[in-house]
Amino acid sequence: MKVKDVMTRRIVSVAPEESAAVAARLLARYNVGALPVCTAEGRLKGVVTDRDIVLRCVAAEEEPSRTKISEIMTRRVVSVDAGEQAEAAAQIMAREQIRRLPVEENGKLVGMVSLGDLAVVPDFSTEAASALCEISANEKRL
């Protein structure tokens, strides 16, 4: 099974020039923990999480309505190609210690795949569980 068969196609993204306040409202409205940061052409530039907003904006005593996403986003983004095997996505998540993975096709964002997406696919529930175990084990050590 390919990543494109299990990914979530309906994605909410944010532009780098938007504010942290806008991103926070989108995270709350769509009940997600991460937003891909994309150009108008759909090129992935980064990811902003609720944690990024809290640590790099609020805790740093910056004004969320005046802080641009480009200033607080995570720039090092790991992604997977839509044509890759779903098992590869689970391996990347385990290796990189992440729960959500942007999916690209021809250099453009086309979806997101999460451990939850993989967990509901019978063939990959073991890989998803294994990836979650690796991520959780490392979180406990922190």
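1. Of the 142 residues of the protein, 41% count as buried. The structure is a predicted model, and the remarks below should be read with that in mind. Among contacts between residues at least 6 apart in sequence, 55% join residues at least 24 apart.

2. The secondary structure amounts to 7 helices and 5 strands. Taken in sequence order, these elements give the pattern α-α-β-β-α-α-β-α-β-β-α-α.

3. Helix 2 covers residues 20–30. Its buried residues are Ala20, Ala21, Ala23, Leu26 and Leu27. These buried residues pack against two strands, strand 1 and strand 2, and against two helices, helix 3 and helix 4 (69–72). Just beyond the end of helix 2, Asn31 adopts a positive phi of about 50°.

4. The packing of helix 2 with helix 3 merits separate comment. Two packed helices are described by the angle between their axes and the distance between the axes. Here the axes come within 10 Å and cross at roughly 145°, and the crossing is left-handed. On the helix 2 side the contact involves Ala20, Ala23, Ala24 and Leu27, which meet Asp50, Ile53 and Cys57 of helix 3. By residue class, this contact holds 6 nonpolar residues, no polar ones and 1 charged. An α-helix has 3.6 residues a turn, so residues three or four places apart point the same way.

5. Asp52 belongs to helix 3. Is this Asp52 buried or exposed? Asp52 has a relative accessible area of 7%, and it counts as buried because that value falls under the 20% cut-off. Leaving aside residues up to four places away in sequence, Asp52 touches Val47, Cys57, Ile72, Met73 and Thr74. Of these partners, Cys57 also takes part in the contact of helix 3 with helix 2.

6. Helix 5 spans residues 86–96, and its buried residues are Ala86, Ala88, Ala89, Ala90, Ile92, Met93 and Ala94. Immediately after helix 5, Gln97 has a positive phi of about 65°.

7. The largest pocket has a volume of about 640 Å³. It is lined by 22 residues, and those closest to its centre are Thr49, Thr74, Gln97, Ile98 and Arg100. Gln97, the residue with positive phi after helix 5, is thus listed among these central residues. Thr74, likewise close to the centre, is one of the residues that Asp52 touches.

8. Which elements contribute at least two residues each to the lining of the largest pocket? They are strand 2 (44–49), helix 3 (50–58), strand 4 (100–105) and helix 7 (125–141). Helix 3 gives the most, with 5 residues. The lining as a whole divides into 9 nonpolar, 4 polar and 9 charged residues.

9. The second largest pocket has a volume of about 250 Å³. Its lining consists of 15 residues, with Thr8, Arg10, Ile11, Val32 and Met112 lying nearest its centre. Strand 1 (34–38) and strand 5 (108–114) each supply at least two residues of this lining. By class, the lining of the second largest pocket comprises 9 nonpolar, 3 polar and 3 charged residues.

10. Two elements recur in these points. Helix 3 contains the buried Asp52, packs with helix 2 and contributes 5 residues to the lining of the largest pocket. Strand 1 is packed against by buried residues of helix 2 and supplies at least two residues of the lining of the second largest pocket.

Key: Residues are numbered from 1 along each chain as its sequence is written. This is a predicted model: local features need pLDDT of at least 70, side-chain atom pairs count only at pLDDT 80 or more; totals for chains, interfaces and linings use all residues. Side-chain values use heavy atoms; hydrogens and water are left out. Buried means under 20% relative accessible area, exposed over 50%, partly exposed in between (1.4 Å probe, protein chains only). Helices (H or I, at least four residues) and strands (E, at least two) are DSSP runs, numbered from the N terminus. On a 1 Å grid over the protein atoms alone, a cavity is a set of points where a 1.4 Å probe fits but cannot get out, and a pocket is an open set with protein on both sides within 12 Å along at least five of seven lines; lining residues have an atom within 4 Å of a point. Grid points are joined across faces, edges and corners, and a volume is the space filled by probe spheres set on the points. Ala, Val, Leu, Ile, Met, Phe, Trp, Tyr, Cys and Pro count as nonpolar, Asp, Glu, Lys and Arg as charged, and the others, Gly among them, as polar. Contact means heavy atoms within 4.5 Å. Axes are lines fitted to C-alpha atoms, for helices over the stretch in contact, and angles run from 0 to 180 degrees between N-to-C directions. A crossing is left-handed if the near helix is turned anticlockwise from the far one by less than a right angle, and right-handed if clockwise.
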